[in-house]
Structure formats: structure tokens, C-alpha cells
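Colleague: Please take a close look at a single helix in this model, and then follow its surroundings outwards in one connected account.

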Amino acid sequence: MKQISANVFVETEKRGCNHSFVETKEGIVCIDTPFRPSDAVAWRDEIKKHGEVRYVIQTEPHVDHVTGNGFLPGTVVAHQGTREAMRTMTLTQIMERVVAIDTDAQRLMRGYQLRLPTITFSQSLTLHLGDHTFRLMNLPGHTGSQTAVHVPEEKVVFTGDNVSYKVQPFMVEAFPEEWLKSLQTVQQLDANVVVPGHGEICDKAYLREWEAFIRECLVTVQGAIERGWTREQALEKISFLHRYPMAPGSEARGPEVMRMNVGRLYDVLSKNQPQGGR
């Protein structure tokens, strides 16, 4: 765990997403939660040293971000689209993912329940706790319900998976054009520190590199479409792993993720083609 400002603590070295908490005068606000149950229990015990959890903010609905909320107290807050996606998850689906990476999962998850958000929003929401302000903004990109959390008093923004530092993103649910606009919005925030969804803490200067990567992916797939490649040809021939590797522990999934990413971009861009453009 790293302390990155006076009251902000972040874990970047566990399997799954980065997860964080902010200590305020009136309690703790968590941003995302650990993926592995054993990490979630350890995280809960660590947070107890700092105060009572008042809120758990979910930046997106994917299991590596939300699974740990079943081990934490506090009111769960998220975009309404995140809540709807979480409603479709089953315990079986979650268990299939976590037992593969955590030998203690079955023991720790006896009686487990994923906690759905009880406070939701559509565009933006502001929480006030103690002397801190938590500005939640829907910034579509990695998912449609992607949420950034800006804490101006700490000059920190938590981007979720709209930013990954030097590791390959998952684009299977991406809205790439909106993603680029969302990165511009983050760039304009009064924040010195960016907490990405995966990878190390960075500053806003990195956002230019990340934006350029997203644009490169779009240009590459668009070029394949314009050359008349079929979807299957694009899946077979295009990879972005030369730019960024998979996150530690996920290396074996590289080829699968590339096919998902390229397929999503191909589908999105194909719909934007002029009539008969292919």
C-alpha cells in the first residue's frame, strides 16, 4: 500500500484492479475493491486502522473492481449502468474467476453476497464527507458506465480503467471515441496525481501517451477495414502487445484479449463506415 497524498492510500500491486481509500474527518471512502477475497479481507483490516468505511465507490462493474465490496461495510455508490450490470452477475460466475487466483476463496466466500449500489447517478454526483469533496463523473470509455472520482482537496483523480499505466487495456466493452473525449476531461481537472485502474500511479503528463495509444489502436483497425480485411483477418493479424504488455498474472490471456480488443474496435468502426464502404 502506498500513501500518495495526505489522506489517500492506494494498492497497486495486487491481482486485479488498483483499489484505494481516502481518510476523512468523518470516515473512509473506498474507491473500488480488491479482486481476491484474501486481499479484500486484509484490505478491510487495514482500513479499520484508519476509520469506519462510510462509502464504497465503484468506477465500473467488472468483477476485478466489485468483488471485494462483499467484504466491506459502507454504502455502495456507482453509475446506474454499473448497478444494472452488477445485477446480472451470479455467485457462480464470480466464484469461477476468483477460485482460479485465490486458494482461500471458497472458505472466505461462504455466505458471500455481492453488494449492489444503493446510491446511483446518471451524469454526475458529488459526495461531501468531513472536509473532503468527491466528484463522481460518468466518463464513458473502457465501459459505458465508467466513472472518474475527483478529490480536489487532495488533487487526485481516480480514473478506473479509462487509464492503465503501461499495461494492456481490455476494450471488449469500449466506446473508443468517447474514451478519447473522457481523457480530455480528465486532463482538465485540477489534479496532480492520477490513480489508474491498473499499473503504477502517474501524473497527467502520461495521459497524452495513453491517448496516443488509443488513437493508434483505432487507426490500425480502421486501416484494416479500409484495406478490405474481414473481421477474422483483423483478429488474426493485429496485436497491440508490442506497445504494452498484459498486467502481471494475466500474461497467458494476451492472445485472447487481443482478439477481443480488435474485434470490438472492428465492430464499432465498421458501423461508422459509409454505405457500402467495405
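**One helix and its surroundings**

Modeller: T92 and E96 are exposed and lie on the other side of α4 from its buried residues, where exposed means over 50% relative accessible area, buried under 20% and partly exposed anything in between, computed with a 1.4 Å probe on protein chains only. This is a predicted model, in which local features need pLDDT of at least 70 and side-chain atom pairs count only at pLDDT 80 or more, while totals for chains, interfaces and linings use all residues. Residues are numbered from 1 along each chain as its sequence is written, and side-chain values use heavy atoms, with hydrogens and water left out.

Helix α4 covers residues 91–98, and I94, M95 and V98 are its buried residues. Looking down the axis of α4, one finds these buried residues within an arc of 100 degrees, so they line one face of the helix; the arc is taken from the directions that lead from the helix axis to the C-beta atoms. An α-helix has 3.6 residues a turn, so residues three or four places apart point the same way. The partners of that buried face are α1 (37–48), α2 (63–66) and α5 (105–108), with contact meaning heavy atoms within 4.5 Å. Helices here are DSSP runs of H or I with at least four residues, strands are runs of E with at least two, and both are numbered from the N terminus.

One of these partners, α1, leads on to a sheet, since α1 lies across β2, β3 (19–24), β4 (27–31) and β5 (53–57) and runs at about 15 degrees to β3. Helix α3 (residues 80–87) also packs on the sheet, where α3 touches β6 (75–79) and β7 and its direction makes about 110 degrees with that of β6. Such angles run from 0 to 180 degrees between N-to-C directions, and the axes are lines fitted to C-alpha atoms, for helices over the stretch in contact.

The sheet itself is open and has seven strands in the order β1-β2-β3-β4-β5-β6-β7, with mixed pairing. Its edges are β1 (2–3) and β7 (119–121), each with a single partner strand, so one side of each has no neighbour in the sheet. Two strands count as paired if DSSP finds at least two bridges between them. β1 and β2 (residues 8–11) run antiparallel and are joined by two bridges, with Q3 opposite F9. β2 and β3 are also antiparallel, over four bridges, and here V10 stands opposite S20. Between β3 and β4 there are five bridges, again antiparallel, with T24 opposite G27, and these two strands form a hairpin with two residues between them. Five of the six residues of β3 are buried, so β3 is largely enclosed by the rest of the structure.

Farther along the order, the pairing of β5 with β6 is parallel and rests on three bridges, V56 having V76 as its bridge partner. The pairing of β6 with β7 is likewise parallel over three bridges, and there H79 is partnered by F121. Four of the five residues of β6 are buried, which leaves β6 mostly covered.

The other partner to follow is α2, as the loop between β5 and α2 holds H62. H62 is buried, with a relative accessible area of 18%. Apart from neighbours within four places in sequence, H62 is in contact with M89, H142, T143 and E173.

A further open sheet has five strands, in the order β8-β9-β10-β11-β12 and with mixed pairing. β8 (124–129) and β12 (193–198) are its edges, each with a single partner strand, so one side of each is left without a neighbour in the sheet. From one strand to the next the twist averages 25 degrees. Within this sheet β10 (residues 147–151) and β11 (residues 156–164) pair antiparallel over three bridges, and V151 has V156 as its bridge partner.
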